[in-house]
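Hi everyone, thanks for making time. Could you pull up the sequence and the structure so we can walk through them together?

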Amino acid sequence: TIRKWAKGDKFYPLGMKKPKKVSDFLVDAKMPLPDKDRVYVMLSGGQIAWLIGHRIDERFKIVAATKKLYICNTVNTE
(Lines give C-alpha, C1' and ligand atoms only; values in the text may rest on other atoms or scores of the structure.)
Protein backbone atom coordinates (compact mmCIF):
# COMPACT_ATOMS: atom_id res chain seq x y z
CA THR A 1 0.00 0.00 0.00
CA ILE A 2 1.19 3.53 -0.74
CA ARG A 3 -0.16 6.49 1.20
CA LYS A 4 0.85 9.91 2.50
CA TRP A 5 2.73 9.75 5.80
CA ALA A 6 0.57 10.48 8.81
CA LYS A 7 1.23 12.13 12.15
CA GLY A 8 2.59 9.53 14.56
CA ASP A 9 3.99 7.21 11.85
CA LYS A 10 7.19 5.49 12.93
CA PHE A 11 9.76 3.44 11.07
CA TYR A 12 13.28 2.08 11.58
CA PRO A 13 15.53 4.10 9.23
CA LEU A 14 18.20 1.95 7.58
CA GLY A 15 21.07 1.50 10.02
CA MET A 16 19.04 2.29 13.15
CA LYS A 17 17.93 -0.17 15.83
CA LYS A 18 15.23 2.04 17.32
CA PRO A 19 12.15 3.50 15.66
CA LYS A 20 11.97 7.12 14.64
CA LYS A 21 8.93 9.22 13.90
CA VAL A 22 8.65 10.12 10.23
CA SER A 23 8.08 13.75 11.25
CA ASP A 24 11.38 13.78 13.21
CA PHE A 25 13.21 12.15 10.29
CA LEU A 26 11.95 14.87 7.94
CA VAL A 27 12.94 17.63 10.38
CA ASP A 28 16.42 16.11 10.76
CA ALA A 29 16.67 16.03 6.94
CA LYS A 30 15.86 19.78 6.98
CA MET A 31 12.94 19.24 4.63
CA PRO A 32 10.90 22.41 4.01
CA LEU A 33 7.32 22.29 5.28
CA PRO A 34 5.69 22.44 1.80
CA ASP A 35 7.76 19.42 0.69
CA LYS A 36 6.66 17.36 3.70
CA ASP A 37 3.11 17.30 2.32
CA ARG A 38 4.40 15.42 -0.74
CA VAL A 39 6.10 12.58 1.14
CA TYR A 40 4.59 9.10 0.79
CA VAL A 41 5.25 5.81 2.52
CA MET A 42 5.07 2.26 1.19
CA LEU A 43 3.57 -0.24 3.61
CA SER A 44 4.07 -3.98 3.81
CA GLY A 45 1.94 -5.87 6.30
CA GLY A 46 0.91 -2.59 7.92
CA GLN A 47 4.53 -1.55 8.55
CA ILE A 48 6.39 1.23 6.78
CA ALA A 49 8.87 -0.45 4.44
CA TRP A 50 10.03 2.67 2.60
CA LEU A 51 9.81 6.41 3.10
CA ILE A 52 9.57 6.82 -0.65
CA GLY A 53 12.52 8.64 -2.16
CA HIS A 54 14.27 9.01 1.20
CA ARG A 55 15.06 5.88 3.23
CA ILE A 56 14.09 2.23 3.49
CA ASP A 57 13.21 0.60 6.79
CA GLU A 58 15.93 -1.47 8.49
CA ARG A 59 13.52 -4.42 8.80
CA PHE A 60 13.09 -4.57 5.02
CA LYS A 61 16.72 -4.36 3.88
CA ILE A 62 18.21 -6.99 1.60
CA VAL A 63 20.11 -9.72 3.47
CA ALA A 64 21.61 -13.07 2.51
CA ALA A 65 18.33 -14.84 3.35
CA THR A 66 16.25 -12.53 1.08
CA LYS A 67 14.25 -14.61 -1.41
CA LYS A 68 12.06 -12.00 -3.12
CA LEU A 69 12.95 -8.53 -4.26
CA TYR A 70 10.65 -5.85 -5.65
CA ILE A 71 12.20 -2.97 -7.51
CA CYS A 72 10.35 0.33 -7.13
CA ASN A 73 11.34 3.63 -8.67
CA THR A 74 10.20 7.14 -7.99
CA VAL A 75 9.13 9.40 -10.82
CA ASN A 76 9.29 13.16 -10.51
CA THR A 77 6.09 14.55 -12.02
CA GLU A 78 6.81 18.20 -11.28
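I'll start with the sheet, then go to the core, and finish with a few single residues.

First, some ground rules. This is a predicted model, where local features need pLDDT of at least 70 and side-chain atom pairs count only at pLDDT 80 or more, while totals for chains, interfaces and linings use all residues. Residues are numbered from 1 along each chain as its sequence is written, and side-chain values use heavy atoms, with hydrogens and water left out.

Okay, the sheet. When I say helix or strand, I mean DSSP runs numbered from the N terminus: helices are H or I with at least four residues, and strands are E with at least two. Two strands pair if DSSP finds at least two bridges between them. Here, four strands make an open sheet, in the order S1-S4-S5-S6, and the pairing is antiparallel. So which strands stand at the edges? Those are S1, residues 2-4, and S6, residues 55-56; each has a single partner strand, so one side of each has no neighbour in the sheet. As a reminder, strands of a sheet pair through backbone hydrogen bonds, either parallel or antiparallel.

Let's zoom in on S5, residues 47-51. On one side, S4 and S5 pair in the antiparallel sense over four bridges, and Ser 44 sits opposite Gln 47 there. These two strands form a hairpin with two residues between them, and Gly 45 in that hairpin has a positive phi near 60°. On the other side, S5 pairs with S6, again antiparallel, over two bridges. Leu 51 is across from Arg 55, and Trp 50 is across from Ile 56. S5 and S6 are a hairpin too, with three residues between them, and Gly 53 in the turn takes a positive phi of about 85°.

Is S5 buried or exposed? Buried means under 20% relative accessible area, exposed means over 50%, and partly exposed is in between, using a 1.4 Å probe and protein chains only. Four of the five S5 residues are buried, so the strand is largely enclosed by the rest of the structure.

Trp 50 is in S5, and at 16% relative accessibility it counts as buried. A contact, for us, is heavy atoms within 4.5 Å. Setting aside neighbours within four places in sequence, Trp 50 contacts several residues, including Tyr 40, Met 42, Cys 72 and Thr 74. Its C-alpha is also 9.6 Å from that of Leu 14, although the two are 36 residues apart along the chain.

Now the core. A nonpolar core is a set of buried Ala, Val, Leu, Ile, Met, Phe, Trp, Tyr and Cys residues joined through side-chain atoms within 4.5 Å. The largest one here has ten residues, among them Phe 11, Phe 25, Met 31, Ile 48 and Leu 51. Helix H1 (22-28), strand S4 (40-44) and S5 each supply at least two of them, and H1 gives the most, with three. In soluble globular proteins, nonpolar side chains tend to be buried together.

Met 31 is a handy signpost: leaving out neighbours within four places in sequence, it contacts Leu 26, Lys 36, Val 39 and His 54. Let's follow two of those. His 54 is in the loop between S5 and S6 and is partly exposed, at 36%. Its C-alpha is 23 Å from that of Ala 64, ten residues apart in sequence.

Lys 36 is in helix H2, residues 33-36. Lys and Arg count as positive, Asp and Glu as negative, and His and the chain ends aren't counted; a salt bridge is a side-chain nitrogen of Lys or Arg within 4 Å of a carboxyl oxygen of Asp or Glu. Lys 36 is buried without a salt bridge, and the nearest oppositely charged side chain, Asp 24, is 8.3 Å away.

Compare that with Lys 30, in the loop between H1 and H2. Lys 30 is exposed, at 71%, and has a positive phi of about 55° although it isn't a glycine.

Last stop: Asp 57, in the segment after S6. Asp 57 is buried, at 0%, and its side chain reaches the backbone nitrogen of Tyr 12 at 2.9 Å. Beyond its neighbours within four places in sequence, Asp 57 contacts Phe 11, Tyr 12, Ile 48 and Ala 49.

That's my tour, thanks for listening!

Definitions and conventions
Polar contact = N/O pair within 3.5 Å; in protein donor to acceptor, adjacent residues only side chain to side chain.
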